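Me: Got a minute to look at a model with me? I'd like to go through how its helices pack.

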Amino acid sequence: MLPQRIKKTIFLVWLVGALLSILSWHQTVFAAEETITARSAAKFALGILASAAVHEGAHALVAAATDTSMTWKVGNYNQPLAFTENASSDSKGVAVYSAGLIAQLICSEIILDVDSIDKDDAFVRGMMTWNVLNPILYALDYWVVRVSNKQNGYSYQGDLEGIEHYSNERTAQAFAIGITAVAAFQGYRFLKTQDWAPDWLKAAPDNVNVLPLRSGGAMLTYELRF
């Protein structure tokens, strides 16, 4: 086990890296514009907040649907906003903890599939930024950092740790791998819609296959030609 001081240092590095990733993405998605206006920056930030609201709102909605009591606190569990629940069954617990990340992936898919949604709008770019980064950061925290997702005796915190608590580690690991793969693929598909994206990226065909495995489950393959 890593000492608490080292864990805090890793967490700070991870947090700074996440913020730099957002700023870098923000600079990139506005690369086609000569300057980033205050209005576009504000819309981008609101998009990120809207994505976060979708995540937390999904937790609350599923908790209400499954009659699971939930309390919210600001600045708890090393997160800006966190909840404590009391699920009456394992299936309800898994549903509550998985709802936020699944909702973000569904939100991204709607944005990508609905032609009438302006993919170059700053608000949409902000939503997609957090919809892509948040699942990946959750998985990295669960696998490496262990600050937002961790278990101390009978106490647990974090969406992926909650899934592990109500199911098992194998399920949590599969969920983490799944959300990372889907979020990364959605991010790639979103980049292809941007005005500033290079022609070779826009023209690259998407070749995705799902192959069954003899041992059970399936393998997702993706071919990128450029």
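**Helix packing and cores**

Reply: Sure. Keep in mind that this is a predicted model. A good place to start is the contact between two helices: from α3, Ser98, Leu101, Ile102, Leu105, Ser108, Glu109, Leu112 and Asp113 meet Phe175, Ile179, Val182, Ala183, Gln186, Arg189 and Phe190 of α6.

Me: How do the residues of that α3 and α6 contact divide into nonpolar, polar and charged?

Reply: Nine are nonpolar, three are polar and three are charged.

Me: And at what angle do the axes of α3 and α6 cross?

Reply: Roughly 20°, with the axes of α3 (residues 90-113) and α6 (residues 169-193) coming within 10 Å. Angles under 35 degrees count as roughly parallel, so α3 is roughly parallel to α6.

Me: Is the crossing of α3 and α6 left-handed or right-handed?

Reply: Left-handed.

Me: OK, switching to the cores. Which residues touch the most other members in the largest nonpolar core?

Reply: Tyr97, Leu160, Ile163, Phe175 and Ile179, out of 20 residues in that core. Two or more residues each come from α3, α4 (122-145), α5 (159-166) and α6. The largest share is from α6, with five residues.

Me: What is Phe175 in contact with, leaving aside its neighbours within four places in sequence?

Reply: Phe175 contacts Ser98, Leu101, Ile102, Leu160 and Ile163.

Me: Which residues are in the other core?

Reply: That core lies apart from the largest one and has eight residues, including Leu112, Met128, Val132 and Phe190. Leu112 and Phe190 also turn up in the contact between α3 and α6.

Notes. Residues numbered from 1 in each chain as written. Predicted model: local features only at pLDDT ≥ 70, side-chain atom pairs only at ≥ 80, totals over all residues. Heavy atoms only, no water. Axes fitted to C-alpha atoms, helices over the stretch in contact; angles between N-to-C directions. Helix = DSSP H or I, 4+ residues; strand = E, 2+ residues; numbered from the N terminus. Parallel < 35°, antiparallel > 145°, perpendicular 65-115°, else oblique. Left-handed = near helix turned anticlockwise from the far one by under 90°. Contact = heavy atoms within 4.5 Å. Nonpolar A, V, L, I, M, F, W, Y, C, P; charged D, E, K, R; others polar. Core = buried A, V, L, I, M, F, W, Y, C linked by side-chain atoms within 4.5 Å. Buried < 20%, exposed > 50% of the residue type's maximum accessible area, 1.4 Å probe, protein only.
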